[in-house]
Amino acid sequence: PSKGELLLDAREVTRRFGGLIACNRLSLEVRAGEILALIGPNGAGKSTMFNQVSGVDVPTSGKITFLGKDVTGKTSREIARMGMSRTFQHVKLLPTMSVIENVAIGAHLRGNRGVLSAAWRLDRQEEKRLLAEAAKQIERVGLGDYMFVEAGSLALGQQRIVEIARALTSDPCLLLLDEPAAGLRYKEKQALAELMRKLSAEGMGILLVEHDMDFVMGLVDRVVVMEFGEKISEGLPEEVQKDPAVLQAYLGG
Ligand code: ADP
Ligand code: MG
């Protein structure tokens with residue numbers, strides 16, 4: 001996709017869990033080369049929205065279009081193959097395995113069911129291909145020097161970047177990052193922001209869930225703010241930051 005092209009178009013997405021409406025008619029768009037932040041207090045429905053978009057979960061109603069195709073109800077594997085990749089809120093690296101093994105295994109596991117079924121089916125050719133792809137993405141995110149280091153020995157900020165490298169192995173045009181900056185130190189957040197800027201400059205669309213307003217300011221192009229499953233504000237970071245509804249949601253009413 002060329003810059004500015006519409007990648008993701010989620011329309012009126014609703015997800016109910018029994019009596020709870022975790023997402024209520026939420027719409028959002030992401031274009032190639034754009035960074036969109038989905039922000040809001042804990043429990044607002046951000047991860048739920050990610051799950052609907054990436055096919056981990058199926059919306060109760062609404063429509064999700066990716067690259068012009070209706071993907072509502074498609075599996076996460078099908079959607080990943082089309083060029084959407086995501087990270088999860090909690091780091092899931094195998095701490096005693098090397099960075100390159102973690103990235104290669106992540107590439108292999110994507111869409112597969114379990115670690116064991118995947119491990120048994122690796123032939124030599126496939127292993128070589130996965131390791132080469134992993135090495136390429138580790139270089140791309142700037143962790144080339146750490147390729148053969150145990151993943152568990154890296155700082156948390158570097159581990160998050162390893163997860164991004166893992167998500168990049170499917171060559172996505174849209175990347176979904178669920179709270180990548182959570183728990184990171186200032187310097188680590190800066191490194192992460194720099195990587196996101198680099199990827200978006202290459203034309204990648206990025207949808208980012210974030211909790212921390214300060215991290216989002218100066219990084220993203222647009223912000224969508226959620227509270228209790230609803231979109232309460234949308235716009236440029238500077239605009240959203242001044243919106244009384246947003247201040248109210250963050251400061252508590
Ligand atoms: P956020 O990521 O913004 O913190 P979530 O999307 O994780 O929020 O959760 C939104 C709401 O939906 C919360 O009230 C949460 O408890 C509820 N929820 C999320 N997933 C499920 C589920 N699988 N079953 C029932 N309730 C859920
Ligand atoms: Mg969440």
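Biologist: How many helices and strands does the secondary structure of the protein come to?

Modeller: Happy to start there, bearing in mind that this is a predicted model. Both kinds of element are present, and the secondary structure comes to 10 helices and 10 strands.

Biologist: What is the radius of gyration of the protein, and how does it sit with the globule rule?

Modeller: For 253 residues the globule rule gives 18 Å, and the protein comes close to that, so it is as compact as a globular protein of that length. Along the principal axes, its C-alpha atoms fill a box of roughly 55 × 40 × 35 Å. The radius of gyration itself is 18 Å.

Biologist: Which domains give at least three residues each to the largest nonpolar core?

Modeller: Good one! That core has 66 residues, and those touching the most other members are L38, V103, A165, L174, I206 and L208. Taking A165, its contacts beyond four places in sequence are V103, Q137, I138, V141 and L143. In soluble globular proteins, nonpolar side chains tend to be buried together. The core draws at least three residues from each of domain 1 (1-83 + 172-253) and domain 2 (95-171).

Biologist: Which element gives the most residues to the shell around ligand 1?

Modeller: Let's look at who is there: F17, L20, A22, G40, N42, G43, A44, G45, K46, S47 and T48 surround ligand 1. Two or more residues come from each of β2 (20-31) and α1 (46-54). By class, the shell has four nonpolar, six polar and one charged residues. The element giving the most, with three residues, is α1.

Notes:
Residues are numbered from 1 along each chain as its sequence is written. Chains are lettered from A and ligands numbered from 1 in the order in which they are written. This is a predicted model: local features need pLDDT of at least 70, side-chain atom pairs count only at pLDDT 80 or more; totals for chains, interfaces and linings use all residues. A residue is near a molecule or strand if its C-beta atom, placed from the backbone, lies within 6 Å of it. Helices (H or I, at least four residues) and strands (E, at least two) are DSSP runs, numbered from the N terminus. Ala, Val, Leu, Ile, Met, Phe, Trp, Tyr, Cys and Pro count as nonpolar, Asp, Glu, Lys and Arg as charged, and the others, Gly among them, as polar. The radius of gyration is taken over C-alpha atoms; the globule rule is 2.2 Å times the number of residues to the power 0.38. A nonpolar core is a set of buried Ala, Val, Leu, Ile, Met, Phe, Trp, Tyr and Cys residues joined through C-beta atoms within 7 Å. A residue is buried if 20 or more other C-beta atoms lie within 10 Å of its own, exposed if 12 or fewer, and partly exposed in between; C-beta atoms are placed from the backbone. Domain bounds come from an automatic or database domain assignment. Two residues are in contact if their C-beta atoms, placed from the backbone, lie within 7 Å.
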